[in-house]
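User: Please take one local part of the backbone and look at it closely. Then work outwards from there in one connected account, and say how far the coordinates can be read.

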There are 2 protein chains.
Amino acid sequence: MKKTISIALVAVAAASLFADAPAAKHPLISKAREAGLAPIPSSLTALYKLVDNPKNPITDAKVALGKKLYFDPRLSKSGLISCNTCHNLATGGVDGVPAAIGHRWTANPHHLNSPTVYNAVFMSRQFWDGRSPDLEDQAQGPMQAAPEMAITKTMAVERIASMPAYKKMFKDAYGSDEITFKKIADTIGNFERTLVTPSPFDKFLEGDAEALTAPQKEGLKTFIDKGCVSCHTGVGIGGSMQPFPVVKPYKYADIGDFKGDKNGMVKVPTLRNVVETAPYFHNGAVWSLSEAIKIMGETQLGMTLSDKEVASIRTFLTSLTGEKPKVVYPVLPPVTEKTPRPVAK
Amino acid sequence: MKKTISIALVAVAAASLFADAPAAKHPLISKAREAGLAPIPSSLTALYKLVDNPKNPITDAKVALGKKLYFDPRLSKSGLISCNTCHNLATGGVDGVPAAIGHRWTANPHHLNSPTVYNAVFMSRQFWDGRSPDLEDQAQGPMQAAPEMAITKTMAVERIASMPAYKKMFKDAYGSDEITFKKIADTIGNFERTLVTPSPFDKFLEGDAEALTAPQKEGLKTFIDKGCVSCHTGVGIGGSMQPFPVVKPYKYADIGDFKGDKNGMVKVPTLRNVVETAPYFHNGAVWSLSEAIKIMGETQLGMTLSDKEVASIRTFLTSLTGEKPKVVYPVLPPVTEKTPRPVAK
């Protein structure tokens with residue numbers, strides 16, 4: 001099958017198809033780069049390499065299909081919950097509530113907060129305990145989880161396969177209209193790989209020293225000097241597994257029972273679009289970004305950040321609010337009389 | 001304020017800005033017109049007159065704002081349910097479940113099915129009991145209803161007014177950034193007025209005799225001759241208040257306690273996009289469109305339609321599947337620290 005480059009990515013990379021990143025001349029750009037911070041590339045070819053998955057290569061047909069499935073509530077037992085319910089592209093890629101709420105209004109049993117789907121492709125692992133290696137694997141989880149979409153693999157496949165328009169889209173994407181649960185998740189993962197949000201900070205890292213305001217640059221210096229960058233780094237500005245807490249106990253550790261992976265490691269959330277993704281932390285206990293920054297100083301870095309330092313870091317974080325990809329709301333294939341019916345119970 | 005013509009409607013009316021409807025030459029076109037069936041006009045000016053509300057004139061600024069509010073889950077107490085949850089533009093403007101499910105997974109207490117928002121502007125009354133005169137008035141109901149979005153007027157206004165980007169949009173739409181619950185509902189109604197779906201049947205009614213297939217024309221004849229058109233008529237192909245049942249009891253009357261308005265009248269649902277909006281009837285008791293047609297023959301017309309007649313009418317109904325307006329999924333204003341928090345309980 002011919003591998004095509006997604007239209008969505010072309011839009012992200014905009015006019016700079018063959019742009020080389022200009023040499024980083026501003027000392028703060030060099031400092032940020034040396035600290036490990038990296039941009040979402042404006043070069044389409046570089047971006048493509050960064051987000052593609054050799055095991056599940058991006059194609060336009062798979063992205064188009066994955067977009068429909070991402071928004072399709074028939075992939076839940078009740079017929080009411082889609083991937084987009086908890087990872088809402090309208091609201092920063094999250095649901096804006098402390099703990100995710102799913103099938104039959106069940107809150108996440110560990111009181112875990114829904115992480116944003118935007119830029120999730122840049123995370124080295126998926127889920128708060130990092131148990132999943134990539135987006136394709138991750139997408140299989142919430143569909144089947146009883147407190148989330150609560151569907152079985154069999155019912156998911158039967159629902160989708162009952163709609164002729166979906167059969168045709170699978171044929172276009174895979175050369176065969178055979179539908180499997182893995183293919184459903186793979187195409188959703190493929191779509192999610194296109195959900196990246198370039199921001200002023202990316203322009204800055206690529207050499208445009210004027211892309212950040214003076215207070216944002218001040219905040220970036222503080223962010224690096226205080227050591228935030230030791231975990232919040234890379235293109236994802238987060239995304240690796242790290243110990244939490246490091247120095248002092250987390251103030252709201254009594255909410256939920258999450259303790260990280262078997263080694264107590266927790267996935268570092270991305271800071272991209274962070275001003276849009278309250279509430280914060282794995283258990284969504286904190287609504288104020290300033291408070292979240294202060295807590296991070298204490299638990300992870302063992303320091304009390306002054307109000308001025310907190311405000312300065314917060315100002316830097318506003319430069320991470322990115323341009324969201326334009327998503328035309330899909331018109332989904334209608335159910336047929338063969339489609340297994342929704343089950344609300 | 002200058003009244004502008006919505007871009008959405010321009011797209012619907014397409015290239016036929018000054019098109020006069022050709023004289024209806026085909027005898028079946030004349031017959032359908034005489035029976036009261038009427039098209040969604042391809043003329044932009046005619047369409048504009050038909051969908052506009054003099055009390056709440058359509059403007060691009062109000063439609064753009066109303067679109068955001070339509071998709072905004074922060075207009076529900078929980079922060080999780082938007083207008084689009086039950087009237088999903090991806091799935092025929094409905095939720096595809098028998099009885100609507102809202103706040104805390106509560107089913108509609110009367111077991112009422114969510115009607116489609118597409119072409120709802122053509123209904124003479126809103127709600128199954130017709131208690132609301134128009135879309136602006138209707139939109140106030142589900143937001144406040146305890147088993148639906150469950151928000152108070154005060155909380156809705158406080159949530160929206162806490163987000164500066166919304167303040168600006170209200171200023172653009174109304175010349176003042178004062179936000180009221182009525183304005184919120186009015187702009188949602190304004191957006192909904194643009195959700196019309198021209199179909200092959202409209203082309204046919206406007207004079208293109210080839211827009212329907214021969215079996216669809218046969219079905220249309222049956223539809224008229226059997227008397228379906230006595231209720232399913234007008235541009236909405238439904239939308240007036242009528243007695244139900246007329247001749248024989250409704251087979252599934254024991255599901256829910258809905259008895260119509262104080263005179264036992266029930267709003268006739270539109271048949272536009274009906275193949276996409278199962279399950280059927282006010283209580284969503286019937287999944288098969290063919291069964292629904294058969295029941296209608298019995299309860300309303302006092303006749304047993306043959307399987308052939310049922311199939312023929314069903315074939316006609318496929319010509320009512322219309323082109324959905326292109327809706328770019330909105331990026332909503334982010335919450336601020338002043339935004340009243342979601343309440344899941």
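Analyst:
**A proline loop and its surroundings**

In chain B, the loop that runs between strand S3 (241-243) and strand S4 (265-267) holds B:Pro245. The model is a predicted one, and the geometry described here is that of the predicted coordinates. Within the loop, the peptide bond from B:Phe244 to B:Pro245 is cis, with omega near -10 degrees.

Following the chain past S4 leads to another cis bond. B:Pro279 is placed in the loop between S4 and H12 of chain B. The bond joining B:Ala278 and B:Pro279 is cis as well, and its omega is about 0 degrees.

The next element is helix H12 (residues 289-301) of chain B, which packs against helix H13 (residues 307-317) of chain B. Their axes are 9 Å apart and make an angle of about 115 degrees, and the crossing of H12(B) and H13(B) is right-handed. On the H12(B) side, the contact is made by B:Leu289, B:Ser290, B:Ile293 and B:Lys294. H13(B) brings B:Val310, B:Ala311, B:Ile313, B:Arg314 and B:Leu317. By class, this contact of H12(B) with H13(B) has 6 nonpolar, 1 polar and 2 charged residues.

The domain assignment is available for chain A. It divides chain A into domain 1 (7-43 + 197-320) and domain 2 (60-192). The C-alpha centres of these two domains of chain A are 26 Å apart. Contact between them involves 30 residues of domain 1 of chain A and 24 residues of domain 2 of chain A. On the domain 1 side, helix H1 (7-13) and strand S4 (265-267) of chain A each supply at least two residues. S4(A) gives the largest share of that side, with 3 residues. By class, the side of domain 1 of chain A that touches domain 2 of chain A has 12 nonpolar, 13 polar and 5 charged residues.

One further backbone feature belongs to chain A. A:Trp105 has a positive phi of about 60 degrees although it is not a glycine. A:Trp105 sits in the loop between strand S1 (101-102) and strand S2 (106-107) of chain A.

As for how the two chains are arranged, a turn of 180 degrees with a shift of 0.0 Å along the axis lays chain A on chain B, with an RMSD of 0.0 Å. The two copies are therefore related as by a two-fold rotation axis. A:Val328 has the C-alpha nearest the axis in chain A, 2.1 Å from it. The same surface serves both copies, since 100% of the contact residues of chain A recur in chain B. Chain A and chain B each put 32 residues into the contact. By class, the side of chain A that touches chain B has 20 nonpolar, 5 polar and 7 charged residues.

It remains to say how far the coordinates can be read. The predictor gives the complex an ipTM of 0.95 and a pTM of 0.95. For chain A the mean pLDDT is 94, and 93% of its residues reach 70 or more. Over residues 14-21 of chain A, however, pLDDT stays under 50. For those residues the model has 8 contacts beyond four places in sequence. Where pLDDT is low, the predicted coordinates should not be read in detail.

Notes:
Residues numbered from 1 in each chain as written. Chains lettered and ligands numbered in written order. Predicted model: local features only at pLDDT ≥ 70, side-chain atom pairs only at ≥ 80, totals over all residues. Least-squares fit on C-alpha atoms with pLDDT ≥ 70 in both. Contact = placed C-beta atoms within 7 Å. Nonpolar A, V, L, I, M, F, W, Y, C, P; charged D, E, K, R; others polar. pLDDT = per-residue confidence, 0-100. Domains from an automatic or database assignment. Helix = DSSP H or I, 4+ residues; strand = E, 2+ residues; numbered from the N terminus. Axes fitted to C-alpha atoms, helices over the stretch in contact; angles between N-to-C directions. Left-handed = near helix turned anticlockwise from the far one by under 90°.
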